[in-house]
Amino acid sequence: MTSPLRRLRASCLAALLAGSMLTPAFAQTPAPQPGAPAASAQTGAAAEAEAKRPKIESFTLANGLQVVVLPDHRAPIATQMIWYKVGSADETPGVSGIAHFLEHLMFKGTKTHKEGEFSNAVSAIGGEENAFTSYDYTAYYQQVPVEALRDMMGFEADRMENLVLTDEVVLPERDVILEERRMRIDNDPGAQLSEAVDAALFQNSHYGIPVIGWRHEMEKLSRDDAIAFYNRYYTPNNATLLIAGDVTLDQVRAMAEETFGKVKRRAEPGERDRPQEPEPRATRTVSLSDPRVTQPSVQTTYLAPSENTAKPGEAESLDLLADILGGGATSRLYRALVVEQGIAAGTGAYYQGTALDDGQFMTYGTPRGEATLEQVEKAVDAEVEKLVKDGVTPAELESAKNRVRKALIYQRDNQTSMARRYGAALSTGQTIAEIESWPDRIEAVTVDQVNAAARAYLQKKRSVTGTLLPATAESSAEAKAPEGSPAAAGAVDPTAGAPVPGDTRS
């Protein structure tokens, strides 16, 4: 994080990894035909592969740091991730953006190592590093040859307690995050719309405040703000260390004791008691028009429970519901709007359930040809209403489960993605046992549970609809795809580049 270019590259990687947490829109499999055999053979193969996977183990150091080991012996590399259980939703009112600001400042010098030494050490051995801030957590990671892991743990433990912050360090970096906001939010109409939708959806929760912060508050962030935040939250008893790679539990335990074990427990952050959302009562709409917009889009975001707040079976049902409704080329929205009606260039749905407090369920669409944005919006709403009224079918549910099974297998093929999955879940109230039981809980979901979740949470009064319009259109009834655009196109996500709910804005 020593230059704006590095920060941008890191954020893109973080966003890519974040995508693995969403309902997958790939590995499409046709729905089972009547009379076809059940997917027990596939389930059995998945169970056999699961049984062969190295066991994930955990221990806690005397200072309160939880350490999780995810063995992966396919290559001599290791990924270290340190997750602090603090994000932008934990900030004190008036200092929005301080969590993200401190993430930047963590790449400055310490009492032991000068600025840039850590990053240079990673670069010198061909490793990768990243950091990202969320509503619920802040994380730092390095992927390096396994023989360098001990040194990486030493560097990371050092900056957990020895960060040196002066005005000479802090004030120039404040200018950097302000420029980052200009680049990512102020110069991006899609990001501005997403910010406005979040602010309308979350009327009491701090999830309605941008992770990067409001500009007028960012401009006042100080050295004292950063030090106070660091001293309160960056303590080992408020963190989780994940080590994935070609290591054993005993090796990690020894290295963790030598490095992180020496860091003093210097604060008690306390319970994460945050403002909660009241039950929604009114449908809300947000519209943004900008001359930079060429492709109009519409997104409807529903307030939904997260994996941490949902009743048993609800989060899993919402995951599968998102896949059935808008998870790819076999989904209801794609078939109806893109294939049958030919009015959308792209459409879909996803569920963001990895959050400490509320989650979100979103649908989106973009017009094509002569179709207007209003037509697309009405068509999306019609498919949602049809699903709520008539429900999903057993065949649709089984097909969705099959895609989720495959997505999890693909995710496990990526060391960093697996570590991120566990880190985000552990930082938002889940246990290792709950993470491990997720496939079984997905398998146990019934048609009735999916239909109940749709009826409970896909209600307009629980939603905010945001429309992104070109300056030439006064309303969604006039907004069309740009002239000369293809009559058909691949799925376009209008939220690409905008903050993903509960995810990274590094």
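These are my notebook entries on a predicted model of one protein chain.

**Entry 1. Overall make-up**

I started with the chain as a whole. It has 18 helices and 11 strands. Of its 506 residues, 57% count as buried. I then looked at contacts with a separation of 6 or more. Residues 24 or more positions apart account for 83% of those contacts.

**Entry 2. Confidence**

I checked pLDDT before going into detail. The mean over the protein chain is 87. I noted that 85% of the residues reach 70 or more. Over residues 1–42, however, the pLDDT is below 50. That stretch still has 86 contacts in the model beyond near neighbours in sequence. I found a second such stretch at residues 488–506, where pLDDT stays under 50. The model gives residues 488–506 a count of 69 contacts beyond four places in sequence. Where pLDDT is low, predicted coordinates should not be read in detail. I left both stretches there.

**Entry 3. Helix α4**

I took α4, residues 117–124, next. Which of its residues are buried? I found Phe 118, Ser 119 and Val 122. They cover an arc of only 95° around the axis, which puts them on the same side of α4. Asn 120 and Ala 124 are exposed on the other side of the helix. Just past the end of α4, I noted Gly 126 with a positive phi of about 75°.

**Entry 4. Cavities**

I searched the whole structure for cavities. There are 5 of 30 Å³ or more. The largest has a volume of about 100 Å³. What lines it? I counted 15 lining residues. Met 106, Lys 108, Thr 110, Lys 114 and Phe 118 lie nearest the centre of this cavity. Phe 118 had already come up as a buried residue of α4. Both α4 and α5 supply at least two residues each to the lining. By class, the lining divides into 4 nonpolar, 5 polar and 6 charged residues.

**Entry 5. Helix α10**

I moved to α10, residues 249–258. Its buried residues are Leu 249, Val 252, Met 255 and Ala 256. Down the axis of α10 they fall within an arc of 135°, so they line one face of the helix. What do they pack against? I listed the strands β1 (57–60), β2 (66–71) and β6 (239–245), together with helix α5 (149–161). So α5 appears twice in my notes, here as a packing partner of α10 and above in the lining of the largest cavity.

**Entry 6. Helix α18**

I ran the same check on α18, residues 447–457. Val 447, Val 450, Asn 451, Ala 453, Ala 454 and Tyr 457 are buried there. Their arc around the axis of α18 is within 160°, so they too line one face of the helix. The partners of these buried residues are β8 (297–305), α11 (314–326), α13 (373–390) and α14 (394–412).

**Entry 7. Residues outside helices and strands**

I began with Val 95, in the loop between β3 (77–84) and α3 (98–105). Leaving out residues up to four places away in sequence, Val 95 touches Glu 217, Leu 221 and Asp 225. Val 95 and His 216 are 121 residues apart in sequence, yet their C-alpha atoms are 9.6 Å apart.

Pro 210 sits in the loop between α7 (189–201) and α8 (215–218). Is it buried or exposed? Pro 210 is buried, because its relative accessible area of 10% is under the 20% limit. Beyond four places in sequence, Pro 210 touches Arg 181 and Glu 195. C-alpha to C-alpha, Pro 210 is 9.0 Å from Ala 89, at a sequence distance of 121 residues.

Asn 414 lies in the loop between α14 and α15 (415–426). At 35% relative accessibility, I logged Asn 414 as partly exposed. Asp 72 is 342 residues away from Asn 414 in sequence, with 9.7 Å between the C-alpha atoms.

I finished with Ser 476, in the segment after β11 (463–470). Ser 476 is buried, with a relative accessible area of 15%. Not counting residues up to four places away in sequence, Ser 476 touches Thr 372, Leu 373, Glu 374, Glu 377 and Leu 469.

Technical notes:
Residues numbered from 1 in each chain as written. Predicted model: local features only at pLDDT ≥ 70, side-chain atom pairs only at ≥ 80, totals over all residues. Heavy atoms only, no water. Buried < 20%, exposed > 50% of the residue type's maximum accessible area, 1.4 Å probe, protein only. Helix = DSSP H or I, 4+ residues; strand = E, 2+ residues; numbered from the N terminus. Arc of directions from axis to C-beta. Contact = heavy atoms within 4.5 Å. pLDDT = per-residue confidence, 0-100. 1 Å grid on protein atoms, 1.4 Å probe; cavity = no way out; pocket = protein on both sides within 12 Å on 5 of 7 lines; lining within 4 Å. Points joined across faces, edges and corners; volume = space filled by probe spheres on them. Nonpolar A, V, L, I, M, F, W, Y, C, P; charged D, E, K, R; others polar.
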